[in-house]
Amino acid sequence: MGHKNKDGSKKKAGGGDASSSSAAATKNKWNGNKKSTATAGDASSSSLFSPLPASSLPSPSVNFNPKDVTDPFELLDMCVAALHDKRTSSATREAALSSLAVTLEGRVLPLDEAADARPLVIFALCGASIKRGNSPAAGAGAAAAAASSKEARLAYRVVGLLALTLRNGGSTEILSESFPLLSRTLQLAPSIHPATVAAALDCLAAVTFAGALGPEDSERSLKAIWNVVVPNPKSPKAISSHVTPHVVAAAVSTWTFLVTTATFTDAQRRADRAAWNAAVASLAGVLEADDRAVRMAAGEALAVCVELNLTRFTPRKEMEAIMARVSDLAAEAAGKGADKTLFVEQKDLFRQILAYVERGERPRKALRTSSEKRGSIRVSTWAKMAQLNFLRRFLASGFLAHVKGNRLFKETFDVSTDEKVALSIAKRRMDAKNKETVMKMNREISWAIKNVYCVPQGGLPENNKPEQLLKLGWHS
């Protein structure tokens with residue numbers, strides 16, 4: 001990780017000696033240098049896990065001026081300092097989390113949690129913000145509760161972006177440690193602000209997409225998300241009336257996105273046909289919703305299910321009823337005085353679905369990836385369309401930056417060529433298991449040098465090891 005910061009310092013060298021020394025200080029603060037590491041290696045093993053002297057630790061400050069910082073790693077350090085300081089106001093915490101999100105969204109930073117402490121620190125601090133937002137302090141006023149809820153939403157976004165950015169399997173640890181809290185948040189969806197639930201759904205989808213090692217990881221996330229839409233599995237057509245249409249649409253969209261990243265064999269479709277039939281029946285119920293955004297999310301999900309042959313065992317009468325509904329939505333007339341929100345978009349979507357089911361016409365979309373008009377993403381399957389829609393929405397203005405610089409996205413989309421088969425989580429992440437042991441050893445060896453802000457103010461983690469840091473803020 002050290003050479004990544006070094007590159008950053010070279011970029012700043014043209015700005016003067018002060019900039020160069022500042023970048024070097026950032027590198028030394030987090031990663032140390034080879035000489036100091038070698039010295040630590042000559043000492044006894046216990047010294048590797050001993051905390052640094054208090055005099056050598058930079059003092060966190062409540063002063064937060066991100067506009068004064070140009071180096072992204074210095075900005076990360078400033079945000080961490082603001083979030084770690086107990087004196088920091090809620091407004092400053094929000095500003096720090098927002099800056100983290102903008103930084104991770106707009107560029108692909110070379111973050112590797114095996115060699116850089118920042119990802120673990122950011123993850124732990126986000127966990128504390130999320131718990132603060134999910135459980136406001138007793139007696140807190142409406143304004144304070146709203147501030148905590150906004151802080152939690154920003155933290156969810158940062159965690160999702162962090163998972164998409166990390167290299168070498170770090171996102172797998174994030175998924176493992178964050179899933180319990182994320183699933184509890186979704187279970188409590190009716191009592192939590194809709195925007196916070198939507199942020200949690202996006203976060204779970206992002207960390208699962210980046211960190212799932214096999215079918216079991218994606219399946220538990222799919223189940224947690226689907227329970228928001230259909231809380232009672234015994235009544236698959238009973239769509240939850242305790243959450244807002246915004247939450248239902250977000251849940252269906254994130255569920256569809258994760259379905260596209262899984263691999264299904266004929267044997268699996270046959271073994272799970274009862275579950276898929278129930279899911280299709282639920283989506284048929286969602287198609288009857290009054291909200292157009294909800295109906296569009298259900299339509300996209302059904303198109304993906306048809307394309308992936310997940311409707312193979314759905315009763316014919318049920319599929320005929322679904323297609324009749326799709327036909328009605330494709331030809332919906334705009335009555336006088338009726339709400340026109342998403343009216344055109346809904347008709348266009350369901351016309352495409354009808355054309356695909358009846359005539360086999362696939363959707364086609366091209367997205368330019370450079371101003372020179374040389375590169376573009378071309379998709380022609382419903383699965384890839386769902387992936388593109390979710391990732392563009394989640395990453396917003398940072399989507400193209402991740403397409404160009406994020407290896408995970410290069411596997412998902414082929415720039416300037418039509419896409420291949422849907423991305424397989426299992427195939428993409430299987431090699432991460434082989435790296436886990438080496439990553440753990442690397443973290444422990446360099447932990448004493450890297451541990452700057454991550455030690456909780458109440459004391460050291462158990463055994464002063466980074467595995468304990470992963471749990472800070474995320475576990476009761």
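Here are four short exercises on this predicted model, each with a worked solution.

**Exercise 1. Get an overview of the chain**

Task: Find how many helices and strands the chain has, and what share of its residues counts as buried.

Solution:
- Start with the secondary structure: the chain has 23 helices and two strands.
- Then turn to burial. The chain is 476 residues long, and 51% of them count as buried.
- Finish with the contacts whose separation is 6 or more: residues 24 or more positions apart account for 73% of these.

**Exercise 2. Describe how helix 10 meets helix 11**

Task: Work out whether helix 10 and helix 11 are roughly parallel or roughly antiparallel, and list the residues that make the contact.

Solution:
- Locate the two elements: helix 10 covers residues 194-211 and helix 11 covers residues 215-229.
- Look at their axes, which come within 10 Å and cross at roughly 165 degrees.
- Apply the cut-off: angles over 145 degrees count as roughly antiparallel. Helix 10 and helix 11 are therefore roughly antiparallel to each other.
- Add the handedness: helix 10 passes helix 11 in a left-handed crossing.
- Now pick out the side that each helix brings to the contact. Helix 10 gives Leu201, Leu204 and Thr208, while helix 11 gives Asp217, Ser218, Ser221, Ala224, Ile225 and Val228.
- Sort these residues by type, and you get five nonpolar, three polar and one charged.

**Exercise 3. Check the cysteines**

Task: Decide how many disulfides the structure holds, and whether cysteine 126 is buried or exposed.

Solution:
- The disulfide count is zero.
- Take cysteine 126 as a test case. Its nearest cysteine sulfur belongs to cysteine 203 and lies 8.7 Å away. A disulfide needs the two sulfur atoms within 2.5 Å, so cysteine 126 is in no disulfide.
- Next comes accessibility, where under 20% means buried. Cysteine 126 has a relative accessibility of 0%, so it counts as buried.
- Cysteine 79 also counts as buried, because its relative accessibility is 0%.

**Exercise 4. Place two residues with positive phi**

Task: Find where leucine 342 and alanine 396 sit, and say how accessible leucine 342 and alanine 396 are.

Solution:
- Begin with leucine 342, which is not a glycine yet has a positive phi of about 60 degrees.
- Leucine 342 lies in the loop between helix 16 (316-330) and helix 17 (343-359). Its relative accessibility is 31%, so leucine 342 counts as partly exposed.
- Move on to alanine 396, another non-glycine residue with a positive phi, here about 50 degrees.
- The loop between helix 18 (382-395) and helix 19 (399-405) holds alanine 396. With a relative accessible area of 43%, alanine 396 is partly exposed.

Conventions. Residues are numbered from 1 along each chain as its sequence is written. This is a predicted model: local features need pLDDT of at least 70, side-chain atom pairs count only at pLDDT 80 or more; totals for chains, interfaces and linings use all residues. Side-chain values use heavy atoms; hydrogens and water are left out. Axes are lines fitted to C-alpha atoms, for helices over the stretch in contact, and angles run from 0 to 180 degrees between N-to-C directions. Helices (H or I, at least four residues) and strands (E, at least two) are DSSP runs, numbered from the N terminus. Angles under 35 degrees count as roughly parallel, over 145 as roughly antiparallel, 65 to 115 as roughly perpendicular and the rest as oblique. A crossing is left-handed if the near helix is turned anticlockwise from the far one by less than a right angle, and right-handed if clockwise. Contact means heavy atoms within 4.5 Å. Ala, Val, Leu, Ile, Met, Phe, Trp, Tyr, Cys and Pro count as nonpolar, Asp, Glu, Lys and Arg as charged, and the others, Gly among them, as polar. Buried means under 20% relative accessible area, exposed over 50%, partly exposed in between (1.4 Å probe, protein chains only).
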